[in-house]
Amino acid sequence: MSGLYDDSVGVEVSSDSFWEVGNYKRTVKRIDDGHRLCNDLMNCIHERARIEKVYAQQLTEWAKRWKQLVEKGPQYGTVERAWCAFMSEAEKVSELHLEVKGSLMNEDFEKIKNWQKEAFHKQMMGGFKETKEAEDGFRKAQKPWAKKLKEVEAAKKAYHAACKEEKLAISRETNSKADPALNPEQLKKLQDKVERSKQDVLKTKEKYEKSLKELDNATPQYMENMEQVFEQCQQFEEKRLRFFREVLLEVQKHLDLSNAASYKNIYRELEQNIKTADAVEDLRWFRANQGPGMSMNWPQFEEWSADLNRTLSRREKKKASDGVTLTGINQTGDQASQPNKHSSVSSYEKNQSYPTDWSDEESNNPFSSTDANGDTNPFDEDASPAMEVRVRALYDYEGQEQDELSFKAGDELTKMENEDEQGWCKGRLDNGQVGLYPANYVEPIQ
């Protein structure tokens, strides 16, 4: 009997099993975690929606900037239209991403928010009703079994203590037999102690076995009650898991533009616009509008007439609707100076046309110069000074040609000439550099 006792039996061995007292709390905590996960998913979708919005804005800004640069640039014809098709694509894709943002916030985000409100009910004292119901259910199911387990632990402790005491009494009795100084009365007391210890072991063992048997008999009912409460928690969690799966699939549909017919049409149209670019057609257009194919009002002898004795400013000539483009004029000597970039025309201007009616006065003859050095360009506007105005840059601008100014948003400069028909102004930076810049990139300083 006493030989079955081992000191190691008294060591507590911890268990992580669900069936241990109090370990149901992990299942209860899962309910609170479900509410938190709803918040996390909403935050996740909200951040993605914000990214979609920013991306859409960036696409729009990019398309606007580059559309203006390409239209004002030297590219022309069908290749220009193909290039601009990318900006049209960006604007359309921007609209689609704004729709994605709207779907994420107005549909998916709101759906999670409403489901969370319906599934979790807050209590006045804090926490959720569903969490308290699960906690109470597990505690009620575990209480009878936990009480019997406590009795078993007490009986086991008493039995182990009796076994230990029996072992100690036997050891003392054995040692006393070898001691000649011990009288018979003392030896008799030790023997009685051993006998009482054996009786205590029998009693505590019987009580331990009885309480353990009662615990075993109560275990099936305990497991059934715990399983019932656990299954209720499982059903609640299953609803959340299925709902999350449903929402994630809807988010995927909103994000996946590859299956959207409108998205496919954008790139189908872009491909068609690019394929319509025709180098031969563009070369033919340039020859006819900027090259040898242009018409020319060749100079002819004209008699003097009083009706023709009037002077038109070059600005009036430029605005004439029946102007004819002048090309192919070859000059020699001082008269061979090439026309400078028009002060009111962008260096990217594709069509530079000039009027056909010229004044017969010497000062307006396009084939003569006004001074001995030939410094005056016959194709420039009259150099009458305009009122200078201080302006401030609204945007950054990087000059594309040598006669264009470059500046940053917030820089100040002086406008020397008013905006021309092409939307360009002539100005001067504070460092003295003079050149052209887009009129809509600045505003007057009040």
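User: Which residue forms a salt bridge with D16, and how far apart are the closest N and O atoms?

Analyst: The general idea is that side chains of opposite charge can pair when their charged atoms come close. In this predicted model, the partner of D16 is R26, with 3.1 Å between the closest N and O atoms. The pair links distant parts of the chain: D16 lies in the segment before α1, R26 belongs to helix α1, and ten residues separate them.

User: How many salt bridges are there by this rule?

Analyst: The count is 21.

User: Next, helix packing. Are α1 and α4 roughly parallel or roughly antiparallel?

Analyst: Start from the crossing angle: under 35 degrees counts as roughly parallel, and over 145 as roughly antiparallel. The axes of α1 and α4 cross at roughly 10° and come within 10 Å, which makes α1 roughly parallel to α4.

User: Which residues of α1 and α4 meet?

Analyst: From α1 the list includes T27, I31, L37, L41 and I45. On the α4 side, F230, F236, F244, V247 and L255 are among them. Sorted by class, this contact of α1 with α4 holds 13 nonpolar, three polar and five charged residues.

User: What is the angle between α2 and α4, and how far apart are their axes?

Analyst: Helix α2 covers residues 77-119 and helix α4 residues 184-255; they pack at about 175° with axes 10 Å apart. These two helices are therefore roughly antiparallel. Contact residues include V100, L104, I112 and W115 of α2, together with F236, F243, V247 and V251 of α4. The class breakdown for α2 with α4 is ten nonpolar, two polar and seven charged residues.

User: Why do α1 and α3 count as roughly antiparallel?

Analyst: Apply the same reading of the angle. The axes of α1 and α3 (residues 129-177) cross at roughly 170° and come within 9 Å. Because an angle over 145 degrees counts as roughly antiparallel, that description fits α1 and α3. K25, T27, V28, I31 and D32 of α1 meet E130, T131, A134, E135 and F138 of α3. Four residues of this contact are nonpolar, two are polar and four are charged.

User: Last, the surface. Which residues form a nonpolar patch there?

Analyst: To read a patch, look at its members, their combined accessible area and the elements that supply them. Here the members are W62, W66, W83, F86 and I274, and together they have about 460 Å² of accessible area. Helices α1 (25-72) and α2 each supply at least two of the patch residues. W66, for one, is found in α1.

Conventions
Residues numbered from 1 in each chain as written. Predicted model: local features only at pLDDT ≥ 70, side-chain atom pairs only at ≥ 80, totals over all residues. Heavy atoms only, no water. Axes fitted to C-alpha atoms, helices over the stretch in contact; angles between N-to-C directions. Helix = DSSP H or I, 4+ residues; strand = E, 2+ residues; numbered from the N terminus. Parallel < 35°, antiparallel > 145°, perpendicular 65-115°, else oblique. Contact = heavy atoms within 4.5 Å. Nonpolar A, V, L, I, M, F, W, Y, C, P; charged D, E, K, R; others polar. Patch = residues over 30% accessible without salt bridge, like charges linked within 9 Å, V, L, I, M, F, W, Y side chains within 5 Å. Areas by Shrake-Rupley, 256 points an atom, 1.4 Å probe, with all protein chains shown as cover. Salt bridge = Lys/Arg side-chain N within 4 Å of Asp/Glu carboxyl O.
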